[in-house]
Amino acid sequence: MHKIWVVIRREFLEKVRTKWFIISTVLGPLMMAGFVVISILVAGGGVATRVITVVDMSGSDFGEQVTRILNAPEQWNVRRLRVGEGGLGRVTDSLTAVVGREDLDGYLIVTDEAVETGQLEYRGSNVSSLTDMEVLQRLLQQGVLIARLDRVGVDPQLVSEAQIPVRMRTVNIRDGRETDESAESVFLLAYAMWIALYVAILLYGLQVMGSVVEEKTTRVVEVLMSSLKPFQLLAGKVIGVGAVGLFQLLIWGLAGWVIIMRRDVLLEAFGVEATTAQAIPLPDVSMATAIIFLTYFLLGYFLYAAMFAAVAAMSNSEAEARQAQTPVVMLFVIPSMLMFTVLQQPTGSIAVAFSLIPFTAPIAMPVRWAGAAVPLYELAASIAFLVAALCAVTWVAARIYRVGILMYGKRPGLKELVRWVRAG
Amino acid sequence: MQNDAVVDVRGVTKRFAGHTAVRELSLAVPRGAVYGLLGPNGAGKTTTIRMIMDIIVPDEGSVHLFGSSKTGRDLSERIGYLPEERGLYRKMRVLDLLVFLAEAKGVGRKRAKHDAQTWLERLGLSDWAQRKVDQLSKGMQQKVQFISTLLHGPDLLILDEPFSGFDPVNTQLMKDVVLELARAGTTVLFSTHIMEQAEKLCDAVCIIARGEKVLDGRLAEVKRTHGGQHVIVAVEQGAASVDNVFRDASLVAKADNYGQYAELELTEGADPQQVLERVLAAGARVTRFEIAEPTLHKIFIDLVGPEAGTARAEGDDAHA
């Protein structure tokens with residue numbers, strides 16, 4: 001036991017000291033911050049301040065009314081410019097020249113005919129923003145409606161009282177209880193877990209492979225084998241690298257938590273107002289979700305690390321190992337491509353199957369769990385299958401490892417591998 | 001003798017796919033001895049040593065160390081092992097590496113650190129303790145490897161081809177240190193295919209070829225039994241004319257002739273003086289004439305035959 005501990009400590013300390021670890025640990029949170037900023041800037045493109053001029057050609061107070069209504073959203077700043085008959089061409093020319101610059105996003109041409117036809121024209125630099133146009137359309141609808149009702153003698157007071165904006169809140173139900181998660185935040189969490197598990201399991205699995213190949217190519221393994229049992233070395237290595245993974249995930253998790261908690265500060269630096277930042281839905285990670293995530297990370301990592309270690313033990317060089325790893329990587333990567341289905345339909349049959357198959361479960365189950373309620377017996381079955389597969393794979397991998405690390409020369413064929421496993 | 005053997009190998013056999021690397025080999029290394037395991041490349045020396053270290057398990061037979069039934073791995077704290085294939089973690093710092101390798105053998109961290117520093121100082125590497133291994137020169141790396149085999153003060157040193165790959169300065173250094181440890185009571189088992197070195201160092205030897213033991217015993221005994229009467233003749237002129245003398249089967253049983261230098265094994269009852277007379281009579285100018293013990297090299301060639309120097313084809317390279 002003590003010897004395993006010695007191997008774990010070496011593996012952990014040496015890995016943590018590498019440039020690769022330090023850079024990726026710092027880069028992770030930076031990328032997370034960048035992701036948050038960019039996604040909020042993109043999604044909330046319409047919530048930035050907008051300056052719009054209403055070119056009022058109406059003879060009535062319709063232009064004034066429209067201007068008032070358009071000023072309702074907090075970030076919208078709408079001015080009215082009265083233009084007489086015939087002056088339109090000159091005014092629009094000069095406005096067009098400054099749109100996109102000098103604090104003007106666009107202008108809206110309002111005529112009396114619009115009340116009849118419902119047709120208005122907006123020219124601006126933000127017409128590609130779906131959110132902007134949606135808001136504009138909605139507000140103009142309201143303006144025209146009021147004007148038309150007014151014309152048939154309905155009291156404007158009554159109209160504005162009858163109108164209330166409709167906003168739909170989505171609430172996620174899980175385990176027979178409502179949560180305060182919204183649809184977006186559920187999706188975001190599942191998506192984040194998918195990416196994180198995919199990257200972490202593959203990354204650290206490959207680290208184990210690299211470490212085994214290093215010992216073999218430098219021939220250190222021969223000295224180690226004289227004092228350590230192959231299984232002690234393998235177990236120590238896998239646990240040590242896994243500890244590095246947990247350590248890094250912990251740092252990333254903490255940094256992510258801080259970024260999300262203090263996103264107002266971050267976003268303010270990018271010119272987004274604090275209130276907007278708070279309004280963006282962000283996932284709420286419960287304790288159970290965190291435990292599920294870590295459990296599946298560890299089980300999945302152990303499963304693939306054992307396979308990668310066996311692959312490395314069969315190879316004579318890093319280049320050979322990279323070739324030999326392909327089947328294992330495929331086993332991991334190909335189902336991951338189908339994971340989007342799990343993400344979209346967390347209760348579908350593909351999702352259920354994937355979360356039970358040991359080789360796909362490490363990613364599929366946490367993604368399902370984040371996306372929808374998972375029956376407890378399915379969770380238990382998934383973990384049981386995964387642990388059983390882990391034991392079987394480790395048993396085989398350890399035997400291949402034990403023979404392979406002292407073998408140099410031709411890479412073994414399938415037949416020889418079977419003999420290695422039997423010989424153990 | 002049997003009870004006092006530090007390494008006691010009893011009838012071990014190891015087969016690999018397609019060939020037998022070691023066949024029913026027995027040998028015993030007495031306590032405090034410097035013991036040479038000799039044989040040509042591919043004879044099974046490394047396989048034997050790996051079985052002694054419990055890195056591979058024999059198909060038949062058993063290995064006992066220090067008279068106990070524990071394996072080499074369990075006793076690794078008492079054994080210093082230098083494998084034929086040398087290697088260190090390239091990215092580790094020298095001191096960390098030495099401490100790790102000692103800890104893996106079961107030595108406590110504190111002691112490992114202390115002993116590593118002592119040895120680094122002794123071999124003039126203390127300035128390099130915090131450097132990474134790949135920043136060291138090849139010769140320094142060899143020293144580090146050497147330190148790693150003996151920093152924990154083992155009772156038994158097992159060195160597989162210790163003189164191959166090391167530069168002459170380090171080879172000399174290692175010889176001095178090993179002999180010093182041997183004098184202090186450490187048992188040393190080493191393998192080599194270079195007989196001259198074995199001859200200078202060993203108290204006892206075991207010669208193997210093609211996985212089987214050819215002979216073993218104390219060096220003096222081996223020489224006596226396999227000696228016969230040996231004569232060394234060196235001539236300056238007329239080397240061609242003495243050939244006839246060396247070919248005289250009534251006088252010379254075997255000749256190892258290099259032209260101006262020859263080692264002769266005389267037939268039983270032949271008189272060395274007669275050889276000298278015949279050589280002089282042939283008109284050669286003699287620069288050296290010596291009645292000698294046979295060299296280990298000669299015994300080895302006699303017993304094993306020159307063809308044993310070539311390993312058999314079936315995949316020996318991977319396992320030998």
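Angles between helix axes of 65 to 115 degrees count as roughly perpendicular. Keep that in mind while we look around this model, which is a predicted one.

**Two helices in chain A**

Let's start with helix 19 (residues 376-404) and helix 20 (residues 414-423) of chain A. Their axes come within 8 Å and cross at roughly 100°. That is why helix 19 of chain A and helix 20 of chain A are described as roughly perpendicular to each other. Which residues of helix 19 of chain A meet helix 20 of chain A? They are A:V396, A:R399, A:I400, A:V403 and A:G404, and their partners in helix 20 are A:L417, A:W420, A:V421 and A:A423. Sorted by class, the residues of this contact come out as seven nonpolar, one polar and one charged.

**Where chain B touches chain A**

Now for the meeting of the chains: 22 residues of chain B are in contact with 19 residues of chain A. On the chain B side, the elements giving two or more residues are helix 2 (94-104) and helix 11 (316-319). Helix 2 of chain B gives the most, with four residues. The classes on this side of chain B are 11 nonpolar, three polar and eight charged residues.

Here are the class counts for these two contacts:

| Set of residues | Nonpolar | Polar | Charged |
|---|---|---|---|
| Contact of helix 19 with helix 20, chain A | seven residues | one residue | one residue |
| Side of chain B that touches chain A | 11 residues | three residues | eight residues |

**Chain B as a whole**

Stepping back, chain B has 11 helices and 13 strands. Its C-alpha atoms fill a box of roughly 75 × 45 × 35 Å along the principal axes. The domain assignment splits out domain 1 (5-223) and domain 2 (228-292) of chain B, and 41 Å separate the centres of these two domains, taken over C-alpha atoms. Of the 320 residues in chain B, 42% are buried. Take the contacts in chain B between residues at least 6 apart in sequence: 72% of them join residues at least 24 apart.

**A closer look at B:F66**

One residue shows what such a contact looks like. B:F66 sits in the loop between strand 4 (60-65) and strand 5 (79-82) of chain B. Leaving aside neighbours within four places in sequence, B:F66 is in contact with B:V6, B:L75 and B:R78. The C-alpha atoms of B:F66 and B:V7 are 6.5 Å apart, although their positions lie 59 residues apart along the chain in numbering terms. How does B:F66 count, then? B:F66 has 16 C-beta neighbours inside 10 Å, so it counts as partly exposed.

Notes
Residues numbered from 1 in each chain as written. Chains lettered and ligands numbered in written order. Predicted model: local features only at pLDDT ≥ 70, side-chain atom pairs only at ≥ 80, totals over all residues. Contact = placed C-beta atoms within 7 Å. Nonpolar A, V, L, I, M, F, W, Y, C, P; charged D, E, K, R; others polar. Buried ≥ 20, exposed ≤ 12 C-beta atoms within 10 Å, placed from the backbone. Domains from an automatic or database assignment. Axes fitted to C-alpha atoms, helices over the stretch in contact; angles between N-to-C directions. Parallel < 35°, antiparallel > 145°, perpendicular 65-115°, else oblique.
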